[in-house]
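Let's take a walk through this structure together. Please have the sequence and the coordinates open, and we will go from one feature to the next.

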4 protein chains.
Amino acid sequence: MAKVLMKGNEALGEGAVRAGCRYFFGYPITPQSELPHYLAKRMPEVGGLYLQSESETAAANMVFGAAGAGARVMTSSSGPGISLMQEGISYIAGAELPCVIVNMIRGGPGLGNIAPAQSDYFQAVKGGGHGDYRLICLAPASVQEIIDLMQDAFDLADKYRNPVMLLADGVLGQMMEPVELGEEKIAEAPEKPWAATGRKKGGPKRLINSLYIVPEECEKHNIKLAQKYDTIRRNEQRWEEYRVDDATMILVAFGTCARICKAVVDSARNEGMAVGLIRPITVWPYPTDVITRVREKAEQFLVVEMNMGQMIEDVKLAVEGMRPVHFYGRSGGMMPVARDVFGEVKKLYNGGAA
Amino acid sequence: MAKVLMKGNEALGEGAVRAGCRYFFGYPITPQSELPHYLAKRMPEVGGLYLQSESETAAANMVFGAAGAGARVMTSSSGPGISLMQEGISYIAGAELPCVIVNMIRGGPGLGNIAPAQSDYFQAVKGGGHGDYRLICLAPASVQEIIDLMQDAFDLADKYRNPVMLLADGVLGQMMEPVELGEEKIAEAPEKPWAATGRKKGGPKRLINSLYIVPEECEKHNIKLAQKYDTIRRNEQRWEEYRVDDATMILVAFGTCARICKAVVDSARNEGMAVGLIRPITVWPYPTDVITRVREKAEQFLVVEMNMGQMIEDVKLAVEGMRPVHFYGRSGGMMPVARDVFGEVKKLYNGGAA
Amino acid sequence: MAKVLMKGNEALGEGAVRAGCRYFFGYPITPQSELPHYLAKRMPEVGGLYLQSESETAAANMVFGAAGAGARVMTSSSGPGISLMQEGISYIAGAELPCVIVNMIRGGPGLGNIAPAQSDYFQAVKGGGHGDYRLICLAPASVQEIIDLMQDAFDLADKYRNPVMLLADGVLGQMMEPVELGEEKIAEAPEKPWAATGRKKGGPKRLINSLYIVPEECEKHNIKLAQKYDTIRRNEQRWEEYRVDDATMILVAFGTCARICKAVVDSARNEGMAVGLIRPITVWPYPTDVITRVREKAEQFLVVEMNMGQMIEDVKLAVEGMRPVHFYGRSGGMMPVARDVFGEVKKLYNGGAA
Amino acid sequence: MAKVLMKGNEALGEGAVRAGCRYFFGYPITPQSELPHYLAKRMPEVGGLYLQSESETAAANMVFGAAGAGARVMTSSSGPGISLMQEGISYIAGAELPCVIVNMIRGGPGLGNIAPAQSDYFQAVKGGGHGDYRLICLAPASVQEIIDLMQDAFDLADKYRNPVMLLADGVLGQMMEPVELGEEKIAEAPEKPWAATGRKKGGPKRLINSLYIVPEECEKHNIKLAQKYDTIRRNEQRWEEYRVDDATMILVAFGTCARICKAVVDSARNEGMAVGLIRPITVWPYPTDVITRVREKAEQFLVVEMNMGQMIEDVKLAVEGMRPVHFYGRSGGMMPVARDVFGEVKKLYNGGAA
């Protein structure tokens with residue numbers, strides 16, 4: 001099948017449509033406005049609905065409603081807008097509803113700027129909203145992967161009845177790459193016997209709810225959620241390994257940042273250094289399994305992030321003190337430069353202090 | 001000085017007033033409504049302002065404004081309301097403004113219920129909003145400590161120009177205990193030469209801002225913030241140790257949960273078991289120092305939380321794989337029962353599987 | 001063509017759809033909720049959009065937007081909700097956009113009740129919003145007339161680029177009557193070369209606007225509007241005359257109230273009294289022409305309203321002091337009883353004091 | 001007592017404060033922003049509260065609340081903002097609560113412009129909100145009269161438990177004139193035994209309400225309101241007569257417009273024409289009594305307004321067809337020029353067609 005050239009932001013939209021998404025609610029914010037712009041045109045073409053809500057808070061609650069009615073539904077925002085959705089996200093997760101949320105991370109905190117960043121990692125994977133809940137978080141690193149993961153995002157959401165967050169950044173959104181869209185099989189959401197689609201005569205009452213006023217019931221609900229999260233942790237960890245097998249030094253990076261690190265690995269290998277890369281594709285569930293495996297051989301880790309150090313906690317939790325875990329980061333919309341990362345690699349490889 | 005009998009919720013309000021807080025903005029939500037109710041009456045008595053905002057989102061932004069004008073200002077909410085404040089909190093932290101936010105945690109996620117919980121731990125200490133920022137988080141365990149920490153909360157906020165969150169729960173809010181209020185010295189906020197109080201003729205322009213449109217500037221700002229957070233980590237870790245010195249098993253718990261664990265420690269000691277308790281008073285900065293110290297002697301840790309396991313990550317990060325870290329938790333508004341915790345302690349102490 | 005039995009509220013919806021209306025924005029309020037309920041189902045069947053807005057204020061502004069893009073669009077509300085739309089209505093009228101607004105009048109003022117009333121007459125015909133503007137106001141008195149006037153409403157709106165209000169009440173909304181729907185010719189809105197539908201390459205810029213910052217320009221705009229309103233006054237007055245020709249006493253009533261008065265006229269005629277009825281179908285433009293004509297012969301007028309006396313001003317303005325104009329009204333959701341009105345008629349007819 | 005030079009906008013604020021107003025809620029809009037700006041500073045000086053609400057809709061509802069608690073409370077806005085308050089105003093009137101609303105009329109409809117106008121006359125006196133209610137409407141024509149009428153406004157509001165609207169325009173707001181403030185007697189609102197100030201032990205329940213779900217009750221309430229409005233019509237009509245006694249031609253104008261007409265009267269008198277002016281001070285209740293009186297002698301009327309012709313309806317209703325009523329108006333923020341009005345006067349005086 002022929003490849004087409006596509007921008008990341010369009011791929012997010014087209015990927016969603018091909019994954020059967022038919023509802024989009026959102027409020028414009030840079031640097032993701034091209035995605036809603038694309039869907040404003042595209043949704044009507046496939047009989048879907050695009051609606052610009054009055055705020056991000058409203059968008060999250062519209063997603064709540066559409067998801068509760070069984071629709072494949074998506075919203076998208078960046079930094080401040082995603083923060084405004086935290087109440088809604090907690091409700092959606094608490095009510096166990098499937099949906100997809102794109103966070104095109106920008107420089108923060110506060111108003112920050114519109115340059116690419118990864119500083120919403122903690123918010124995404126530890127839970128920005130209240131209560132014990134988890135989002136499945138996917139972190140694509142290419143336009144093709146956006147297309148592929150968007151389908152997975154909707155499928156995972158439905159499979160586990162859980163919101164899925166897709167973490168991207170402005171670089172990925174603006175990047176043009178050739179992609180294979182695959183056959184235009186408009187995916188169908190599976191049967192959703194729990195969806196509140198209007199009670200049929202004699203049919204059972206269906207209730208979408210996150211209220212459990214009796215603590216015993218609420219605890220039971222939390223245990224059920226925790227078991228679901230454990231199942232997801234066991235079954236859905238995804239990552240890419242790059243020249244890891246004989247590596248004594250492992251870089252860990254996701255998204256745009258991992259693309260830079262791949263080049264660094266090649267440079268290091270060219271100079272004879274046994275360096276590899278682990279790129280988490282799911283940042284929740286975190287791919288702890290591969291870290292646990294490689295920590296036996298690898299002598300040290302270097303976590304590279306476009307923030308002040310967030311994912312490093314998850315790497316440390318997996319390494320459990322067995323090996324040193326170093327950090328290299330840029331923040332506020334700045335991106336690591338391959339040469340600088342390579343410099344850091346060389347220093348550490350040769351036993352220099354990190 | 002004579003002691004007075006006081007409810008936790010009143011103590012939160014009276015403590016704030018005595019700490020010089022003169023502005024309160026908030027929106028009612030159970031189980032913290034008695035606090036705004038108290039301040040609605042109390043604020044006018046001291047020339048302060050109480051304002052019920054149209055939403056929690058608005059409350060956070062009103063706090064932003066008052067803090068930027070140099071006032072000692074507080075808001076309070078629970079679960080869903082705190083989630084609605086996440087955008088505002090990120091802005092306040094990004095603009096480096098001092099304020100105090102009370103989260104009277106209730107059962108979650110979503111609507112959940114109004115029973116006491118600790119399931120917003122991650123949101124509080126990892127950052128529920130977007131971007132690299134940190135809240136100083138204080139976790140009192142008695143009505144007296146509420147009074148004392150409220151003064152500290154405002155002082156720390158001003159000292160570091162950083163929002164401070166006070167984590168409590170409904171048990172603490174409803175509990176009546178005798179407290180010593182101390183002399184009624186209405187604390188005065190320090191001089192705030194940065195506050196935007198109206199430009200004086202010929203005076204310099206003061207700008208409260210979290211926008212750094214140029215990435216280089218934004219990174220510089222993030223590095224400045226990170227250095228501040230490091231200073232706080234070095235200087236402000238607080239905890240209580242209880243029968244820790246010779247303990248081979250260390251319980252770790254905060255807030256209401258720690259009160260239960262203290263009783264468990266006594267029971268264990270009565271039966272000759274060398275059990276101690278570490279109670280973090282600051283949950284951010286996390287009291288890593290004491291964990292690092294005791295992990296040399298202690299053979300195992302048991303983290304007890306009123307959630308599905310959140311603080312345990314910070315304990316594990318401090319223990320660094322040197323000792324097993326076990327978990328016992330109740331959730332959804334349920335509280336651990338001393339007897340059950342003691343049962344867990346005995347099982348682990350005797351080498352039982354956790 | 002066969003007649004079908006239809007409820008007034010459904011007829012409002014079906015009439016709109018048959019008139020080519022494809023967009024409905026509104027917020028639920030009794031006693032008109034059956035109308036949006038009907039359209040929520042019906043709109044998707046004809047490829048139209050039904051959207052429940054977050055408030056009536058928002059609904060009015062969504063109507064503004066859709067009308068500006070050239071769509072046939074409607075909203076509907078009652079009393080308090082219509083008041084919330086006044087800003088939007090003034091903007092729509094100021095920008096000369098066509099749309100239809102249904103006011104299912106309920107008892108007022110304030111919260112009032114949900115019973116039928118006509119007490120929003122002044123608001124509708126004198127202008128509830130700010131500035132010199134006028135709504136074309138239609139007042140149907142039967143289910144068949146609802147169907148017919150709905151088509152006219154959209155046509156008049158487009159013809160004059162002016163909002164049209166349809167005044168109804170709960171009695172009319174609940175009433176079931178046989179109606180002839182006519183052929184299902186889905187009416188098409190006329191070409192709207194002014195509509196802001198996205199600038200075409202090389203095409204002219206189209207601007208929907210009510211801002212005229214220069215007073216001279218704003219006055220010119222107001223004069224243009226006034227001329228349009230004069231044209232409408234000359235050409236669009238509509239009314240029904242019932243046994244008027246030889247009447248010495250003329251009842252004047254609109255909507256539901258006129259149905260009662262028609263029965264009163266018959267009763268009076270049965271007793272040999274020369275009584276007739278004028279039923280304004282347009283309450284703006286007010287059918288002054290017919291009043292001016294009949295005031296020559298008729299010796300007195302009796303205005304009957306479901307309010308405390310509002311339309312009577314327009315009758316007096318037309319009668320110009322040449323004949324006495326009496327009033328009989330019920331209010332707060334109470335309806336005139338035929339016997340009582342007839343009693344009033346007899347008293348006045350026989351020279352009794354009004 | 002010495003006079004001070006004062007701007008109209010400041011006089012509105014200072015007059016309110018001296019009339020005992022201690023609460024102001026509002027949202028900024030040109031051309032009245034200097035009034036809230038003044039009160040933001042002034043209110044705290046007298047122990048009052050100034051609060052900028054999140055919208056005009058909110059401001060009206062805050063006024064509703066404060067009025068219900070017995071406070072002397074005011075809001076202020078212009079055109080679009082006043083339209084947004086219509087629901088709240090109907091509720092306040094329906095609940096019979098005293099308050100003062102300033103409308104600094106600007107050019108309309110829609111966004112219009114910020115120049116002075118009188119085009120919200122209908123909205124003010126016929127009822128922009130829903131239901132049968134009336135506002136007492138005062139129209140000052142000088143800075144001194146602003147001071148004086150502001151006291152009357154609050155007194156009338158309390159006397160009749162009815163909202164009072166003060167109609168002004170940007171010219172009056174910007175005009176500086178010497179005023180006598182009188183002794184600083186901070187007026188006290190009268191006892192308000194109906195105010196909902198918190199139920200006292202054993203005391204009666206006080207309810208502020210506009211809901212009358214039973215139509216019979218709602219009608220009773222409307223009749224009570226109508227009787228109150230009749231009392232006001234009988235007792236509170238206010239106007240200024242200027243050289244009216246022997247006039248054969250009467251100008252009618254209010255506010256800023258009347259100042260211009262006064263000069264025109266003088267010009268006409270200088271040329272020997274018997275021209276006079278009636279300046280309504282209350283535009284509701286309309287000073288019908290004086291029109292009824294002068295229509296005996298006067299041969300014709302000329303209504304001059306800064307709109308397309310609104311008050312002329314009230315003049316015609318009072319003249320009852322006995323004399324010709326002419327109109328001269330400017331709109332969209334344009335003001336009549338004395339010379340032009342005089343030209344119109346001369347033409348009509350000499351029998352020219354209007």
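The lining of the largest pocket is a good place to begin: its residues divide into 20 nonpolar, 16 polar and six charged. Please keep in mind as we go that this is a predicted model. The pocket has a volume of about 1,800 Å³, and 42 residues line it. If you would like to put your view at its centre, the residues that lie nearest to that point are A:Leu51, A:Gln52, A:Glu54, C:Glu54 and C:Met62.

Which elements build this lining? In chain A, at least two residues each come from α2 (34-45), β3 (49-52) and α3 (56-68). Chain C supplies at least two residues each from β2 (23-26), β3 (49-52) and α3 (56-68). Chains B and D take part as well, each through α3 (56-68), again with at least two residues. The largest share, six residues, comes from α3(C).

Now let's turn to the contact of chain B with chain A. Here 58 residues from chain B meet 58 residues from chain A. The area buried between the two chains is about 4,700 Å², and carbon and sulfur atoms give 59% of it. Three residues of chain B are worth picking out: B:Pro109, B:His130 and B:Asp132 supply 14% of the area that chain B buries against chain A, more than any other three residues.

What holds polar groups opposite one another here can be followed pair by pair. Across this interface there are 32 residue pairs in polar contact, counting those with both residues at pLDDT 80 or more. On the chain B side, the elements that give two or more residues are α4 (79-84), α5 (86-94), α6 (121-127), α9 (215-235) and α12 (311-319). Of these, α9(B) makes the largest contribution, with eight residues. Sorted by character, the chain B side divides into 20 nonpolar, 26 polar and 12 charged residues.

The same interface of chain B and chain A also has four salt bridges. One pair to look up is B:Glu313 with A:Lys126, whose closest N and O atoms are 2.7 Å apart.

Other chain pairs do not meet at all. Chain B and chain C do not touch, and their nearest C-alpha atoms are 15 Å apart. Likewise, no contact joins chain A and chain D, where the closest C-alpha atoms lie 15 Å apart.

Over all chains, the salt bridges come to 105. For an example within one chain, look at C:Glu34 and C:Lys7, with their closest N and O atoms 2.9 Å apart. This pair links distant parts of the chain, 27 residues apart: C:Glu34 belongs to helix α2 (residues 34-45), while C:Lys7 sits in strand β1 (residues 4-7).

Let's finish with some backbone details. Most residues other than glycine have a negative phi, and most peptide bonds are trans. In chain B, however, a cis peptide bond joins B:Thr30 and B:Pro31, with omega about 10 degrees. B:Pro31 is in the loop between β2 (23-26) and α2 (34-45) of chain B. In chain D, the peptide bond from D:Thr30 to D:Pro31 is cis, with omega near 10 degrees, and D:Pro31 lies in the loop between β2 (23-26) and α2 (34-45) of chain D. Finally, A:Arg243 has a positive phi, near 55 degrees, though this residue is not a glycine. You will find A:Arg243 in the loop between β9 (239-242) and β10 (249-252) of chain A.

Terms used: Residues are numbered from 1 along each chain as its sequence is written. Chains are lettered from A and ligands numbered from 1 in the order in which they are written. This is a predicted model: local features need pLDDT of at least 70, side-chain atom pairs count only at pLDDT 80 or more; totals for chains, interfaces and linings use all residues. Side-chain values use heavy atoms; hydrogens and water are left out. Contact means heavy atoms within 4.5 Å. Buried area is the accessible area (1.4 Å probe) that two parts lose on being put together, summed over both. A salt bridge is a side-chain nitrogen of Lys or Arg within 4 Å of a carboxyl oxygen of Asp or Glu. A polar contact is a pair of N or O atoms within 3.5 Å; within protein, one must be able to donate a hydrogen and the other to accept it, and residues adjacent in sequence count only if both atoms are side-chain atoms. Helices (H or I, at least four residues) and strands (E, at least two) are DSSP runs, numbered from the N terminus. Ala, Val, Leu, Ile, Met, Phe, Trp, Tyr, Cys and Pro count as nonpolar, Asp, Glu, Lys and Arg as charged, and the others, Gly among them, as polar. On a 1 Å grid over the protein atoms alone, a cavity is a set of points where a 1.4 Å probe fits but cannot get out, and a pocket is an open set with protein on both sides within 12 Å along at least five of seven lines; lining residues have an atom within 4 Å of a point. Grid points are joined across faces, edges and corners, and a volume is the space filled by probe spheres set on the points.
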